[in-house]
Structure formats: structure tokens, C-alpha cells
Amino acid sequence: MPNTAIDIKRQPLTEKNTWWKNAVGYQIYPRSFKDSNHDGIGDLNGIRQKLPYLKELGIDFLWINPIYASPNADNGYDISDYQAIHEDFGTMDDFQSLLQEAHALNLKIIMDLVVNHTSDQHPWFLESRKSLDNPYRDYYHWADATPEQLPNDWQSFFGGSTWTYDEPTKQAYFHVFAKEQPDLNWTNPKVRHEIYQMIRWWLELGIDGFRIDAISHIQKEPWDFKITDNPWAPFMNVTGIESYLAELKAIFNEYNVMTVGEASGVPHSEASAWTGDHGYFNMIFELEHCQRVGEQGSQKGSIHHLKHSLNQWQTSLATDGWNALYLENHDTPRSVSVYGDHSPEAAKALATVLLLMKGTPFIYQGQELGMTNYPFNSIKELDAADTIHFYQTLLAEGTPAKEALTIAVNWSRDHSRTPFQWDDSPFGGFSTVTPWLNVNKNYQTINAVQKDQDKNSIFHHYQRLIRLRKETDALIHGEFTLLFPDHPTVFSYTRTTETESWLILVQLDRELTAITFPDSWELSDWEEVLANTACKALQHEMMLSDYEAHVYRKVLN
Ligand code: GLC
Ligand code: CA
């Protein structure tokens with residue numbers, strides 16, 4: 001473990017030091033970003049090579065998915081050594097070089113912090129399994145069981161029981177994800193102490209913050225808790241979690257770093273409690289807005305749900321707390337396929353909606369190029385264990401194979417994990433050899449080189465939006481108000497301060513539709529600032545179609 005901590009001059013902790021409010025983040029799934037050493041797997045030096053590209057886009061910080069030692073049962077989310085870099089990605093020296101180079105370019109780096117569980121190959125778990133009185137036994141959750149009789153009927157996120165029977169000690173251990181990801185026992189102060197030491201170690205290295213994985217699951221209900229409607233209720237934001245989160249917060253505050261918690265199961269009504277002045281994190285990734293609504297087997301997401309859910313979060317955090325804004329990540333399909341029709345207009349329309357809301361936007365790698373879902377034709381093309389498990393469950397239930405494949409892959413997280421499309425050379429310029437997951441077949445038309453050939457590219461649209469946000473206080477702090485709430489496809493809102501107001505008007509559909517502004521609106525005051533199509537003056541009766549997106553500004557007083 002290197003002890004060559006990088007000397008970073010940190011700003012003193014003041015209430016005003018909230019750089020992340022003005023910042024735009026970019027999420028890197030390292031396995032699929034850029035392969036620098038020709039083994040088909042993206043790596044740290046690959047990220048380093050591409051820092052100028054990220055700088056050109058205009059982002060301020062990177063969130064990098066787990067790069068730690070891991071047997072990869074869940075692609076790095078099963079960590080076997082928190083303080084070692086996975087050899088697929090490089091070395092600790094490579095990481096330090098990346099951090100230094102990023103900082104030199106004024107790009108910050110936040111890391112994934114996975115502390116709900118470890119790998120079953122982590123030395124703590126290997127010890128824990130050995131005997132009932134092993135000093136590490138209580139680092140995890142164990143309970144009496146037989147292979148036939150598990151401690152309860154709780155279900156894991158990846159399918160099947162949350163319990164795995166373990167022969168050596170004739171008990172079962174608990175896991176909310178895969179059986180290779182045993183949950184740490186947060187009630188044990190020794191576990192918390194070890195985790196906090198590890199967190200400090202990374203912070204001492206000079207990183208700029210954490211995205212905290214699955215953090216709403218660290219507290220569990222008593223094992224005799226009975227499930228009623230929500231199968232995951234026994235480990236979703238369970239009372240008692242507050243004290244652990246407060247301990248974490250105290251450490252983060254000491255270092256004055258940025259934090260974003262992945263807070264599945266935290267409803268918007270608790271948004272300020274989690275992120276406000278007295279909250280635990282600067283912001284959280286909520287999962288309500290990207291929940292599947294609609295038919296099983298359909299790849300389309302509901303615009304109406306998206307809009308209403310995001311509105312609830314905007315409203316809940318209007319005065320206390322802060323939003324993390326995203327449409328895609330490594331667990332979701334591609335937004336241009338789910339909420340659009342795979343077209344560049346749709347990608348730009350979605351970007352406009354996302355980047356001008358109140359909160360810190362996170363762009364997922366490739367989103368800025370309009371990368372689309374992958375046309376999976378066979379289960380063999382998939383890597384994600386949860387999708388494969390879902391497919392097998394459907395088959396076992398008697399669903400015909402073709403239909404099972406469609407249902408299972410529609411919302412698979414592998415859509416967003418295909419390699420980044422850098423250019424039109426074989427394997428999309430991601431690697432010179434066959435990559436770990438197929439490159440999308442559309443790499444010859446959708447790629448990063450393409451952006452320079454078209455000044456209206458999706459990439460350039462993102463650039464403009466990012467720049468606009470940065471220059472405009474109202475787009476950072478202005479009040480958010482949703483317009484046309486009942487319209488099924490028009491996503492429109494205003495952002496207003498005392499001195500100016502901005503109007504975002506987007507049709508998230510190809511159909512022609514009519515909207516009507518109230519007579520009381522003085523429409524001639526608005527000036528158009530940005531669009532993904534020809535400009536259009538505001539009118540009381542307006543027709544919108546084809547994913548058109550317009551941004552207007554009005555000076556007040
Ligand atoms: C989070 C991650 C996901 C991972 C899971 C278990 O939800 O985003 O990719 O599988 O936690 O760590
Ligand atoms: Ca590599």
C-alpha cells in the first residue's frame with residue numbers, strides 16, 4: 001500500500017465552499033471507457049489519455065466506478081481489498097498519476113465507496129466463515145439455518161434469498177445483492193472503525209469525494225420482520241441508519257469533500273433530511289424517477305412518470321438540500337433509447353431537460369454522444385449477472401425463450417456498459433482487440449470523432465448547455481417551476497431569480513402537439529438563447545414536434 005499521499009491544498013471548510021453546486025459531473029465506467037494496453041478492458045491509463053476530451057466537454061469532476069481489487073462477481077462492486085487497485089485497471093501509481101493529472105487540469109475525482117458489503121473473497125469474510133468464534137465472525141451477519149430452512153424469506157435484489165447456507169459452520173450469511181457480496185455488519189463498532197480508517201486513507205490520498213454505493217441498505221430490520229407489499233422493505237432506509245450516516249458525515253466534513261449517496265428507497269419526502277443543511281450527504285441519487293413504469297417487455301420509459309418524479313424531487317429540495325441529476329448510469333439502459341427514439345434530436349432534447357434543472361448534473365459516459373441501447377440477440381452477449389438470472393427465472397416459469405430474452409434485456413444494465421465509441425475503427429477505437437463486452441454495432445456513425453465534423457453534434461449541444469449553466473446564476477440557484485404538468489410529453493419549466501427568468505420548453509416526442517401559454521404571460525419579453533433546432537418565438541398557441549428543445553430568457557425589472 002503506497003504511503004506517498006499527494007499534497008493537496010484543501011480549502012478550509014466554510015459553508016460557502018459548495019463548489020459542487022456549480023459543477024457538472026461525468027461518470028466513468030472504467031471497464032468500458034478506454035483500453036490503453038490492448039487487453040480488451042478499459043483502464044486507468046485509458047482514462048488519463050482521455051482527460052483532454054473530458055476537459056473539452058466542460059465537466060468539472062469525474063465519478064469513477066469501483067477500480068479496487070475484486071473477483072468481479074458484480075464487476076467491481078464485490079471488493080476483496082479496498083486499498084488495492086484491480087490489476088485489470090492498473091496500479092496504485094497509475095491511480096496517483098491520474099489524480100495528479102486530473103487536478104492539474106482542474107478536474108476533481110470522486111470514487112465509489114462500497115461499504116454495504118464486501119466480496120466473499122475479502123480476507124474478513126474468509127476469516128468470518130471459518131468458525132463461530134472467529135474474531136471476524138461478527139463482521140458479517142450470520143444466523144442459524146439448514147440448507148432447507150433459511151432464517152427468513154427475504155429476497156435479494158439480484159433474485160433468490162438474501163441468505164446463503166454455509167456448510168463449514170452450518171449457518172447462513174446475509175446478502176442483499178449476490179451471494180458473493182456478503183453484507184457487512186454495521187452494528188459492530190469494529191467494522192465501522194475499519195471502514196472509517198479506509199475512508200480516511202483514501203481521503204488522505206487527495207481524492208475529492210465519494211459516491212457512496214447502496215448506503216440506504218446498511219441497517220436491517222430484525223430477522224423476524226414480516227414482508228408485506230415491498231419485498232425489500234427490511235433493508236431499505238431502516239430506522240437506526242441515522243447514527244451510522246452521522247458518523248460518516250463527520251468524517252466527510254473533516255475533509256470537506258463532496259458526497260453523493262446512492263439512496264434507493266429514500267422517498268422525496270425525506271430528501272431534505274438526507275441532503276439538507278442537517279442531512280448526511282451533499283446530494284443523493286434517488287431511484288424513483290428511473291423506476292420502470294409501464295408494460296413488462298417494453299423498452300420505453302414513461303415521460304409522464306419521469307417528469308412528475310423529477311418535479312417532486314425539485315420541489316422537495318427547493319429550499320433545503322440539493323439534487324443529483326441524472327438520466328443514465330451503469331445500472332440503467334441508455335436514455336436516448338428509453339425516453340427517446342435513438343435520434344440525435346432526442347439526445348439533445350433530453351440533455352436540455354437534464355442540464356438546466358436545479359442540482360448537480362451527472363453525464364454518463366457516451367450520453368454526450370447519444371450512445372444507444374445494444375440490440376442484444378442472445379443471452380450469450382450479456383454479462384450482467386442479474387439480467388442472466390432474470391432470464392433464467394423467466395424460462396423456469398415457462399416463458400418462451402424469445403420472449404424471455406426480450407423482457408430480460410429490455411432494462412438490462414449491459415446496455416450502458418458496452419465500450420465507449422471513440423471512432424469508426426474496429427472496436428470503435430476502444431481497444432485494438434475484442435473487448436470484454438461487444439461494441440454497439442452503430443459505432444461507425446455514433447462516435448467521438450463524429451462530433452468534430454458536425455457543429456450541431458450532440459456533444460456540442462452538451463458543451464453549450466454546460467457553458468450556459470456555468471455562466472448563469474439563475475440556472476444554478478433559480479427557483480424551479482414545472483409548466484404544463486399534465487401534458488404527457490412536453491417537459492417544460494422555468495428557473496427564476498429576482499433578476500431573471502429562464503424558460504425551458506421541450507417536446508419529448510416526435511408527434512405534433514399543441515400547448516397554450518396563459519394570456520397573462522407577456523411573451524414578447526422572452527429572448528431565445530439556445531435550441532436544438534430552428535429558433536421559434538414564443539406564442540400563446542404553440543405547436544411543438546420532433547424532440548424540439550428551446551431555451552428562453554427574460555430579464556426581470
Ligand atoms: C449499486 C451499484 C450497482 C451494484 C450494487 C451492489 O446499486 O450501482 O452497480 O451492483 O450497488 O454493489
Ligand atoms: Ca486494458
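**Reading strands, helices and hollows in a predicted model**

A hairpin joins β15 to β16 through 3 residues. The model is predicted, and the dialogue starts from this hairpin.

Visitor: How many bridges join β15 to β16, and in which sense do the strands run?

Guide: Strand β15 (residues 490-496) runs antiparallel to β16, and 7 bridges join the two. To check the register, take Ser492, whose bridge partner in β16 is Leu505.

Visitor: Which strand besides β15 pairs with β16?

Guide: Strand β20 (residues 549-555) pairs with β16, again over 7 bridges in the antiparallel sense. Here Trp502 can serve as the marker, standing opposite Arg553 in β20.

Visitor: Which residues of β16 lie on each side, and are they buried or exposed?

Guide: The general idea comes before the case. In a regular strand, side chains alternate between the two faces of the sheet. In β16, Glu500, Trp502, Ile504 and Val506 are on one side, while Ser501, Leu503, Leu505 and Gln507 are on the other. Every one of these residues is buried, and both faces are covered. The count for the strand (residues 500-507) is 8 of 8 buried.

Visitor: What is the strand order in the open sheet of 8 strands?

Guide: Read across the sheet, the order is β11-β10-β9-β5-β2-β1-β13-β12, with parallel pairing. The edges are β11 (283-285) and β12 (324-325); each has a single partner strand, so one side of each lacks a neighbour in the sheet. For one pair inside this order, look at β9 (residues 209-213) and β10 (residues 258-262), parallel strands joined by 4 bridges. Ile212 stands opposite Gly261 in β10.

Visitor: Turning to helices, what span should α11 have, and how far apart are its end C-alpha atoms?

Guide: Helix α11 (residues 385-396) has 12 residues, and at 1.5 Å a residue these should span 16 Å. The span is counted as 1.5 Å times one less than the number of residues. The end C-alpha atoms of α11 are 16 Å apart, which agrees.

Visitor: Which residues of α11 are buried?

Guide: They are Thr387, Tyr391 and Leu394. These residues cover an arc of only 65 degrees around the axis, so they lie on the same side of α11.

Visitor: How many residues of α13 are buried?

Guide: In α13, 10 of the 14 residues are buried, so the helix is largely enclosed by the rest of the structure. Among them are Phe459, His460, His461, Tyr462 and Arg469. The length check works here too: the 14 residues of α13 (residues 458-471) should span 20 Å, and the end C-alpha atoms are 20 Å apart, which agrees.

Visitor: How much space lies in the largest pocket, and which residues lie nearest its centre?

Guide: About 1400 Å³ of space lies in the largest pocket. Its lining has 50 residues, with Phe157, Trp232, Leu287, Arg292 and Asp386 nearest the centre. By class, the lining has 22 nonpolar, 17 polar and 11 charged residues. Helix α11 gives the most to this lining, with 6 residues, and β9 supplies at least two.

Visitor: How many cavities of 30 Å³ or more does the structure hold, and what lines the largest cavity?

Guide: There are 4 such cavities, and the largest holds about 50 Å³ of space. Its lining includes Glu328, Gln367, Met371 and Tyr462. Helices α9 (335-338) and α10 (344-355) each supply at least two residues of that lining. By class, the lining has 5 nonpolar, 4 polar and 1 charged residues. Tyr462 has already appeared, as one of the buried residues of α13.

Key:
Residues are numbered from 1 along each chain as its sequence is written. Chains are lettered from A and ligands numbered from 1 in the order in which they are written. This is a predicted model: local features need pLDDT of at least 70, side-chain atom pairs count only at pLDDT 80 or more; totals for chains, interfaces and linings use all residues. Side-chain values use heavy atoms; hydrogens and water are left out. Two strands pair if DSSP finds at least two bridges between them. On a 1 Å grid over the protein atoms alone, a cavity is a set of points where a 1.4 Å probe fits but cannot get out, and a pocket is an open set with protein on both sides within 12 Å along at least five of seven lines; lining residues have an atom within 4 Å of a point. Grid points are joined across faces, edges and corners, and a volume is the space filled by probe spheres set on the points. Ala, Val, Leu, Ile, Met, Phe, Trp, Tyr, Cys and Pro count as nonpolar, Asp, Glu, Lys and Arg as charged, and the others, Gly among them, as polar. Buried means under 20% relative accessible area, exposed over 50%, partly exposed in between (1.4 Å probe, protein chains only). The arc is that of the directions from the helix axis to the C-beta atoms.
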